[in-house]
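Please open the model in your viewer and keep the selection panel at hand. The tour moves from the whole chain to single strands, loops and residues.

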Amino acid sequence: ELPTQSESLPIAPNAISGTVTDQDGSPIGNAEVAAYHPDRGSKMATSDAQGEFTIGELETDKTYRVSAIALHFNEGVVETEPVGSHDIVLVLEPLSNARGSVVDAASDSALTEFEVAYLPVPPDSETDWQSRSTTNTLKWTRVNDAYGTFEIADIVSNKSFAIAARAIGFSSGYAMCGPVAPGQWVEGISI
């Protein structure tokens, strides 16, 4: 007979286990959890509805970097956990968001139809931007807005980034943005 969810299972000594939560301590289910060692690569697990996870079959004489990611959350990381740790808590903070507008540089009037893209790694030069803007590596989102405004969700927090825009009949452009705190908005971006 298999144990029920509420019964405790013995945890193997060659495992790492714990819980994935948000900042308020609420469990996060379906988070992708990884135990990484540079010589051994990664072993993966998915947290259950209570946020609990177990990653087994690890080498007992190693320490692992344990991380978790989930939709709409920044990565949570615990460094150098020894195998046999069974009380790891990975706290995930919400991703950040951006809001701004796209305008015609010549007339300063709002463009009503355009596309925007989030660049987690900002361009380091105009040449870099020209190269990246002409490839299919950016995920462009179409916007139709009478005021020329856009919103982009799920921006990695605490890191610089860029927002790019393009429209038919106009040259593309981007705006550099500084780090944004978890769960916060950066507003007033003008491209």
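Begin with the surface of the whole protein chain, which exposes about 11200 Å², of which carbon and sulfur atoms supply 49%; accessible areas come from the Shrake-Rupley method with a 1.4 Å probe, and for residues only the protein chains shown count as cover. What you have open is a predicted model, in which local features need pLDDT of at least 70 and side-chain atom pairs count only at pLDDT 80 or more, while totals for chains, interfaces and linings use all residues. Residues are numbered from 1 along each chain as its sequence is written, and side-chain values use heavy atoms, with hydrogens and water left out.

**The whole chain**

Switch to a cartoon, where the protein chain shows 1 helix and 14 strands (DSSP runs numbered from the N terminus, H or I of at least four residues for helices and E of at least two for strands). Turn the C-alpha trace along its principal axes, and it spans about 70 × 35 × 30 Å. The radius of gyration of the protein chain is 22 Å, whereas a compact globule of 191 residues would have one near 16 Å (taken over C-alpha atoms, with a globule rule of 2.2 Å times the number of residues to the power 0.38).

Colour next by accessibility: of the 191 residues, 39% count as buried, where buried means under 20% relative accessible area, exposed over 50%, and partly exposed in between, with a 1.4 Å probe and protein chains only. Among the contacts (heavy atoms within 4.5 Å) with a separation of 6 or more, 59% are accounted for by residues 24 or more positions apart.

**Strands β1 to β4**

Select residues 32-37 and 41-46, strands β2 and β3, which run antiparallel and are joined by 6 bridges (two strands pair if DSSP finds at least two bridges between them). A hairpin through 3 residues joins β2 to β3, and Val 33 stands opposite Ala 45 in β3.

Stay in strand β3 and pick Lys 43, which counts as partly exposed because its relative accessibility is 33%. Beyond its neighbours within four places in sequence, Lys 43 is in contact with Val 33, Ala 34, Ala 35, Ile 55, Gly 56, Glu 57 and Leu 58. Draw a distance from the C-alpha of Lys 43 to that of Tyr 64, and you will find 10.0 Å between residues that are 21 apart in sequence.

Now add strand β4, residues 52-55, whose covered face holds Phe 53 and Ile 55 and whose uncovered face holds Glu 52 and Thr 54. In a regular strand the side chains alternate between the two faces of the sheet. Strands β1 and β4 run antiparallel and are joined by 4 bridges, with Thr 19 standing opposite Glu 52 in β4.

**Two asparagines with positive phi**

Go to the loop between β1 (16-22) and β2, the place of Asn 30, and then to the loop between β11 (149-155) and β12 (161-166), where Asn 158 is found. Asn 30 has a positive phi of about 60° although it is not a glycine, and Asn 158 likewise has a positive phi of about 60°. Most residues other than glycine have a negative phi, and most peptide bonds are trans. Asn 30 counts as exposed at 64% relative accessibility, whereas Asn 158 is partly exposed, with a relative accessible area of 48%.

**Around Phe 161**

Which strand holds Phe 161? Phe 161 lies in strand β12, and it is classed as buried because its relative accessible area is 1%. Show its contacts, not counting residues up to four places away in sequence, and you will find among them Ala 98, Tyr 118, Pro 122, Ile 155, Met 176, Gly 178 and Val 186. The C-alpha atoms of Phe 161 and Glu 52, 109 residues apart along the chain, are separated by 32 Å.

From here select Pro 122, in the loop between β9 (113-119) and α1 (126-133). Its contacts outside four places in sequence include Asp 128, Arg 132, Ser 160 and Phe 161. Between Pro 122 and Gly 173, 51 residues apart in sequence, the C-alpha distance is 12 Å.

Finish at Gly 178, placed in the loop between β13 (173-177) and β14 (185-190) and partly exposed at 37% relative accessibility. Leaving aside neighbours within four places in sequence, Gly 178 is in contact with Lys 159, Ser 160 and Phe 161.
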